[in-house]
Amino acid sequence: MSMMCGGLGEARDATPEVQKICDQMKSAAEEKAGKTYEVFTAKTFSSQVVAGTNYFIKVHVGGEDHVHLRVFQSLPCHGSEVNLHGVQHSKTLHDPIVHF
């Protein structure tokens, strides 16, 4: 499926690149949640091409618990920096990833 600029792509299995982004965002997500996660494993993600890329990532955080992260990665010409823009808590494996 082709990506439409500005549109949110379909959810797909997390890649090693997406797990690396999660690893970079773990401490910021823990700070926003006010808790520490022993497990922080990317499961699935969707992406949105804007002036960079928004990643919407479902992350397993232990037991049956999941969180959804919204991470922005700037364009390479702007350093490809990643920043956590939002966290949704109390998610399950079956909750769909949506724009937030």
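Reader: So the bend at a residue is the angle between two axes, one fitted to the seven residues ending there and one to the seven starting there. Where in H1 is the kink centred?

Author: The kink is centred on Met25, and its angle is about 50 degrees. Keep in mind that this is a predicted model.

Reader: How many residues does H1 have, and how far does the helix reach?

Author: H1 has 18 residues. From the first C-alpha to the last, H1 reaches 24 Å, which is close to the 26 Å expected at 1.5 Å a residue.

Reader: Which residues of H1 are buried?

Author: Val18, Ile21, Cys22, Met25, Ala29 and Glu30. Met25, where the kink is centred, is thus on the buried list.

Reader: What covers them?

Author: The cover over the buried residues of H1 includes the strands E2, E3, E4 and E5.

Reader: And what follows H1?

Author: Gly34, with a positive phi near 75 degrees.

Reader: Ok, the core. Which elements give two or more residues to the largest nonpolar core?

Author: That core has 19 residues, and the members that touch the most other members are Phe40, Ile57, Val59, Val67, Leu69 and Val71. The elements giving two or more residues are H1 (16–33), E2 (41–50), E3 (52–62), E4 (65–74) and E5 (82–91). H1 gives the largest share, five residues.

Reader: Take Val67. What does Val67 touch?

Author: Leaving out residues up to four places away in sequence, Val67 touches Tyr37, Phe40, Ile57, Lys58, Val59, Val61, Val87, Gln88, His89 and Lys91.

Reader: Aromatics next. How many aromatic pairs are there?

Author: The count comes to three aromatic pairs. One of them is Tyr37 with Phe40: the ring centres are 5.7 Å apart and the planes are at 25 degrees. Planes under 30 degrees apart count as stacked, so this pair is stacked.

Reader: Are Tyr37 and Phe40 buried or exposed?

Author: Buried. Tyr37 has a relative accessible area of 5%, and Phe40 is at 6%.

Reader: What about the rings of Phe45 and Tyr55?

Author: Their centres are 6.2 Å apart and their planes are at 45 degrees, so that pair is tilted. Phe45 lies in strand E2 and Tyr55 in strand E3, so the pair ties together parts that are 10 residues apart in sequence. Both Phe45 and Tyr55 are buried.

Reader: Now cysteines. How many disulfides does the structure hold?

Author: Zero. A disulfide is a covalent bond between the sulfur atoms of two cysteines.

Reader: Which is it for Cys22 and Cys77, buried or exposed?

Author: Cys22 is buried, at a relative accessible area of 0%. Cys77 is at 65% relative accessibility and counts as exposed.

Reader: Back to phi. You said Gly34 has a positive one. What is the phi of Ser80?

Author: About 55 degrees, so positive, although Ser80 is not a glycine. Most residues other than glycine have a negative phi.

Reader: Where does Ser80 lie?

Author: In the loop between E4 and E5. Ser80 is partly exposed, with a relative accessible area of 29%.

Reader: And what is the phi of Ser90?

Author: Ser90 also has a positive phi of about 55 degrees, and Ser90 is not a glycine. The place of Ser90 is in strand E5, and the residue is exposed, at 73% relative accessible area.

Definitions and conventions. Residues numbered from 1 in each chain as written. Predicted model: local features only at pLDDT ≥ 70, side-chain atom pairs only at ≥ 80, totals over all residues. Heavy atoms only, no water. Core = buried A, V, L, I, M, F, W, Y, C linked by side-chain atoms within 4.5 Å. Buried < 20%, exposed > 50% of the residue type's maximum accessible area, 1.4 Å probe, protein only. Helix = DSSP H or I, 4+ residues; strand = E, 2+ residues; numbered from the N terminus. Contact = heavy atoms within 4.5 Å. Expected span 1.5 Å × (residues − 1). Disulfide = S-S within 2.5 Å. Phe/Tyr/Trp six-rings, centres within 6.5 Å; stacked < 30°, edge-to-face > 60°.
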